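Opening the notebook on this one. I want to look up the aromatic contacts first, then go through the strands.

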Amino acid sequence: MPNLFLIGAGPGVSASVARRFGGEGFRVVAFARRAAALEQQVQALREAGIDARAQQADASDLAGLALALGHAAAAHGEPDVLVYNAAGARYKPLADLSAAELMADLQVSVGGALAAVQAVLPAMRARGRGTLLLTGGGFAFEPMPPMASLGAGKAALRNLAFSLHADLAPAGIHAGTVTICGTVKPGTAFDPDRIADSFWALHAQPAGSFEREVMVK
């Protein structure tokens, strides 16, 4: 059974991504910081008939995140797909945002993504295949000043995804980003299930036709 490792599990986009891949026969290993909420998410997936497992991890703790990914791989097998859905964000006037707060949010939005990729990449290189998908956002293009740290994180994450794509595509590993250019809300163009379809479509692209970005508008 193929494995999806989903970092930043919760309601909304990540839950829909878990159901989309689970419906395609993937085991879902969900990572999140809050154990109780994570167990609820995993139980809901199981009730939907999906093989789902929980792995507690804090994306702001880069060493701890890598360790948690190693534990999950030892217990369930290496991931075929990694989805990084964690982000650092705070609603704060730009004039009051400290450099330390900005760096803390960047550590989650970008540092955690890189740490997660580096943890699973050796096994993907050994197999000559794998998918690495990062959840992007429209603030990368058009920032909102009170959420400057999130915008900076999404801009850096997009650049990281493009760098990974250029580096890894020749090795048969597909790295890319699904960039969500609006507010996630059921029944709209930004319905989480529609967004999850974009994650699946990006993953399903054959070698030689890998795209580095799908934009949900």
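My entries below go from rings to strands.

**Entry 1: what I am looking at.** This is a predicted model, so I keep that in mind throughout.

**Entry 2: ring pairs.** I searched the whole structure for aromatic pairs and got four. I started with Phe5 and Phe31, which make a tilted pair with 5.5 Å between centres and 55° between planes. Where do these two rings sit in the chain? Phe5 is in strand β1 (residues 3-7) and Phe31 is in strand β2 (residues 27-32), so this contact ties together parts that are 26 residues apart in sequence. I also looked up accessibility: Phe5 is at 0% and counts as buried, and Phe31, at 1%, counts as buried too.

Next I pulled up Phe21 and Phe26. Their pair is edge-to-face, at 5.3 Å centre to centre and 85° between the planes. Buried or exposed, I wondered about Phe21? Phe21 has 0% relative accessibility, so it counts as buried. For Phe26 I got 7%, which also counts as buried because the cut-off is under 20%. Following the ring pairs onward, I found that they link Phe21, Phe26 and Trp200 into a cluster.

**Entry 3: a charge over a ring.** I then checked for charged groups above ring faces. Arg212 lies over the face of Phe162, 3.7 Å from the ring centre.

**Entry 4: strand β6.** How many of the residues of strand β6 (residues 173-180) are buried? I got eight of the eight, so the strand is largely enclosed by the rest of the structure. Side chains in a regular strand alternate between the two faces of the sheet, so I sorted the residues by direction. Ile173, Ala175, Thr177 and Thr179 point one way from β6, while His174, Gly176, Val178 and Ile180 point the other way, and all are buried.

**Entry 5: neighbours of β6.** On to pairing. Strand β5 (residues 130-137) runs parallel to β6, with eight bridges in the pairing; I noted that Thr131 has His174 as its bridge partner in β6. β6 also pairs in the parallel sense with strand β7 (residues 213-216), over four bridges. There, the partner of Thr177 in β7 is Glu213.

**Entry 6: crossovers.** Which hand do the connections have? With helix α5 (residues 148-168), β5 and β6 make a right-handed β-α-β unit. From β6 the chain crosses through helix α6 (residues 192-204) to β7, and I logged that β-α-β crossover as left-handed.

Conventions
Residues numbered from 1 in each chain as written. Predicted model: local features only at pLDDT ≥ 70, side-chain atom pairs only at ≥ 80, totals over all residues. Heavy atoms only, no water. Phe/Tyr/Trp six-rings, centres within 6.5 Å; stacked < 30°, edge-to-face > 60°. Buried < 20%, exposed > 50% of the residue type's maximum accessible area, 1.4 Å probe, protein only. Lys NZ or Arg CZ within 6 Å of the ring centre and 35° of its normal. Pairing = 2+ DSSP bridges. Right-handed = clockwise from strand over helix to strand, strands pointing away.
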